Amino acid sequence: MSATFDSIAAAVASAHTIGVASHIRPDADALGSTIAFAMWLRSLGKDARAFNEEGSTPKFHYLPGHELVATPPAAPQKFDLFVALDTSVKNRLGTVLGAIAPGTPLANIDHHVSNEQFGDLNFVDPTAPATGQILVEFFRHTGAEITPAMAANLFAAISTDTGSFQYAGTNERTFAAASHLISCGVDVPGLSRAMYDSQPRRRFNLLRHALNTAEFHCGDRIASFSLPLETVRELQVVPEDNEGIIDHLRSVEGVEAAVFFEELPEGKVRVSSRSKFPSIDVCKVCKIFGGGGHPMAAGARINGPLQKVKHDFLQALANEIRN
Ligand code: 5GP
Ligand code: MN
């Protein structure tokens, strides 16, 4: 069922124990939205429990309240309501799914155009460039107080998912939401330093490696970078180090799409793709391989080996670009 802000607020009002979670490999939109929503629920006196498959990873310890996010319990729990945020398909909740008892009412609040409407209540707004923006609009609509800690989480969500207010989808509502958050107490330079100028040296080493080994295809219209498990071991990088490396590939003049292939321990390959123009739909390409996302930023997990995934995906992407 399609939800409104009012129907979501009503579902929250009639529930007490409420779970909140987002997708595997969380980004700041996933975790920031989860934390802000859980903080709001707690301010209402709810028994709010926030989860992520990975808990709160060190990269996101700058988010105030990150310690609220726990790894999910192994056995199913009873919740009056469970809220999935920034999650386009149910199985992207990962191990969190196993913590939700069957029959639990599920609310799905998201901004992915590929969202599968898997909730009992679905609020999906693909015109929002971040789930954090939807939550700002939700809180403003319901008259909820946005504390400085909630504001920092929501600002981080919006800033990172829009590439610092640059990407397609960034519009006047986005700036209105950000402006409101600043009025609620966000320290923009301090938060920006934590988000963008505090990368571990490990990640710098990975970036250097990526720039040295990047490949160009399709008449230099596609740039790609591969990360085999062997290199992960050599550089001792952790998954969160990968985020944003792909943007350096896309930033090259003449490159219209960038792809990052990451070999995973379980034999799959995580593909991350970005496009520079709305006319090149990388979500369409990812969907061919069972993935999804947004038209200009999408991903998939594809059965390996790495070289075959690379070959097949680049071929499909070249077709999309040439058409
Ligand atoms: P990223 O490349 O940063 O991992 O993801 C870009 C976008 O694609 C995100 O919005 C993310 O939710 C989505 N995405 C990434 N991987 C997958 C996937 O395996 N399946 C689906 N459905 N979406 C994905
Ligand atoms: Mn998002």
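**View 1. Helix α8 (229–235) and strand β9 (257–263) each bring at least two residues to the lining of the second largest pocket.** Helices (H or I, at least four residues) and strands (E, at least two) are DSSP runs, numbered from the N terminus. The second largest pocket has a volume of about 230 Å³, the space filled by probe spheres set on its grid points, which are joined across faces, edges and corners. A pocket here is an open set of points on a 1 Å grid over the protein atoms alone, where a 1.4 Å probe fits, with protein on both sides within 12 Å along at least five of seven lines; lining residues have an atom within 4 Å of a point. Among the 17 lining residues, Arg25, Pro239, Glu262, Leu264 and Pro265 sit closest to the centre.

This is a predicted model: local features need pLDDT of at least 70, side-chain atom pairs count only at pLDDT 80 or more, and totals for chains, interfaces and linings use all residues. Residues are numbered from 1 along each chain as its sequence is written, chains are lettered from A and ligands numbered from 1 in the order written, and side-chain values use heavy atoms, leaving out hydrogens and water.

**View 2. Asp29, Asp86, His111 and Asp161 hold the protein donors of the manganese ion (ligand 2).** Their OD, OD, NE2 and OD atoms lie 2.1 to 2.4 Å from the ion; donors are N, O and S atoms within 2.8 Å of the metal (3.2 Å for Na, K and Ca), and with water not among the atoms, sites may look incomplete. Both Asp29 and His111 are buried (under 20% relative accessible area, 1.4 Å probe, protein chains only).

**View 3. Ile109 meets residues from distant sequence positions.** Leaving aside neighbours within four places in sequence, its contacts (heavy atoms within 4.5 Å) include Ile8, Phe37, Asp86 and Leu135.

Methods
Buried means under 20% relative accessible area, exposed over 50%, partly exposed in between (1.4 Å probe, protein chains only).
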